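Q: Please take a close look at one part of this structure. I should like to know how it is covered, what it pairs with and what it borders.

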Amino acid sequence: MTTDVVPNRTFAEIEVGDSSSLTRVIAQQDIQLFAALTGDANSTHLAAPHRAEGGPLPTAHSMLGASLISTLLGTHLPGAGTIYAGQALRFERPVQTGDGLTVSVTVKEKREADSRIWLDCRGTNQRDELVFDGVAEVIAPAEKLWISPGDLPEAVLHRHSNYDRLIARCAGQRRVPCAVAHPCDAAALSGALEAWKQGLILPILVGPTARMRAVAAEAGLDLGELEIVDTPHSHASAARAVEVVRDGQAELLMKGSLHTDELMSAVVAREGGLRTERRISHVFIMDVPTYPEPLFITDAAINILPDLATKADIIRNAIDLHRGLGLGAPRVALLSAVETINPKIPSTLDAAALCKMADRGQIVGGILDGPLALDNAISPAAARIKGIVSDVAGRAQVLVVPDLEAGNMLAKNLSFLSRADAAGIVLGARVPIILTSRADNERARLASCAVAALYAEHLLLQAEPLA
């Protein structure tokens, strides 16, 4: 028998007055795991991602603390083979994240006829304050058994935290004026209003006034004193929203419920559009639960079959965004099907040329490597097995895809198979463009607005003349 194996206490071995205890520090992950297991997503227990500094900590589920009684009964007293028959509890005070909870059980009564035992149960916090007390009833084991703590399965919590940090960085920052083009359904309108409430943007609603007010009334949304620019239809909404930006009234443009092509046609129009010398491209800022940092994927929404010059601008846009968000010089992986140059695979030739452009100072601000297959771009183990030695391989922060189809499939694969969130932003125009999808959840919409607002502030600072 090894020291990590714990024997039980049979009914015959247990005496009235016997006791056992354990202490556990309640972490936020414990609360999240309990919520995920039980489905109890009461906001009392789950911290808001943008909780104000000094605000109340989340409170653990009462039954999370009480479940430690089951731990004691099943592993120590009586231990393995115990059958939990009943429990009465009274809860006196809450347990918050970081509290140390000590749970103890003490045998108060035995009954020979059916091997039942009653135990006093008590939980106290690190200040020795009573959290709960009560009585448990169990059927004690008749035979000797042993259990090993090492036999427990491992629980993994897939958490999204990258967006939380981006949203939190907007705290105290001004609401950036944003022209919202045609927010004429509940999802588009509520997304803009929630970003406004969170202090990220100041929406200027551009669309048919009567229709937007009707949507707001039906969805129970309050438009408050927000500015509304009336237009007859979606095509006019796109053109007018772009005009609002050109007139300097807004520093951001946001897609509402119109088609992406309709909005982008107004953006790229040679007369009255928002073109710059840089090619326009899209970046997904992915929050992948199993990846340690934000993962940029570009371009999966604008450029269908980008040539070499377009790919260079796609990379420049992504590098500028990564640095503008305060994430530093990015590690950029140029993706292909293989990690070696093959004249029959054009994307490998483009990758090699782009890396040489970076060597010659034609692309600056990031670290480029390619061609790289997806596995050796994001997996250190895969890169090591392939013998790839570089600063990018295995730890890429920006993934540059060969074409729109590959990028779209990669992003949706991560979203629907890996449960990643995907915030989206268009770069290369006069202002950042928030390009949301009807399938986006509220977190992704807020993150898109946070990214755009942070980047707009960065661009403003860059444009200000030195004193």
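A: Helices and strands are named here as DSSP runs, numbered from the N terminus, where a helix (H or I) has at least four residues and a strand (E) at least two. The model is predicted, so local features require a pLDDT of at least 70 and side-chain atom pairs one of 80 or more, while totals for chains, interfaces and linings use all residues. Residues are numbered from 1 along each chain as its sequence is written, and side-chain values use heavy atoms, with hydrogens and water left out.

The part chosen is strand E12, which comprises residues 281-287. Of its 7 residues, 7 are buried (under 20% relative accessible area with a 1.4 Å probe, protein chains only; over 50% would be exposed, and values in between partly exposed). In a regular strand the side chains alternate between the two faces of the sheet. On one side of E12 lie Ser-281, Val-283, Ile-285 and Asp-287, and on the other His-282, Phe-284 and Met-286; both faces are covered.

The pairing of E12 comes next. Two strands pair if DSSP finds at least two bridges between them. Strand E17 (residues 421-427) runs antiparallel to E12 and is joined to it by 7 bridges; within this pairing, Ala-423 is the bridge partner of Ile-285. Strand E13 (residues 295-298) is also antiparallel to E12, with 3 bridges between them. Here Leu-295 of E13 stands opposite Met-286.

E12 also contributes to the lining of the second largest pocket. A pocket is an open set of points on a 1 Å grid with protein on both sides within 12 Å along at least five of seven lines, and a lining residue has an atom within 4 Å of a point. The space in this pocket is about 890 Å³, a volume being the space filled by probe spheres set on the points, which are joined across faces, edges and corners. There are 36 lining residues, and those closest to the centre of the pocket are His-282, Phe-284, Ala-300, Ala-301 and Leu-435. Two of these names, His-282 and Phe-284, appeared above on one side of E12.

Which elements give two or more residues to this lining? They are helix H7 (260-268), E12, helix H12 (404-417) and E17. H12 provides the largest share, with 6 residues. By class, the lining holds 16 nonpolar residues (Ala, Val, Leu, Ile, Met, Phe, Trp, Tyr, Cys and Pro), 10 charged (Asp, Glu, Lys and Arg) and 10 polar (the others, Gly among them).

Technical notes: On a 1 Å grid over the protein atoms alone, a cavity is a set of points where a 1.4 Å probe fits but cannot get out, and a pocket is an open set with protein on both sides within 12 Å along at least five of seven lines; lining residues have an atom within 4 Å of a point.
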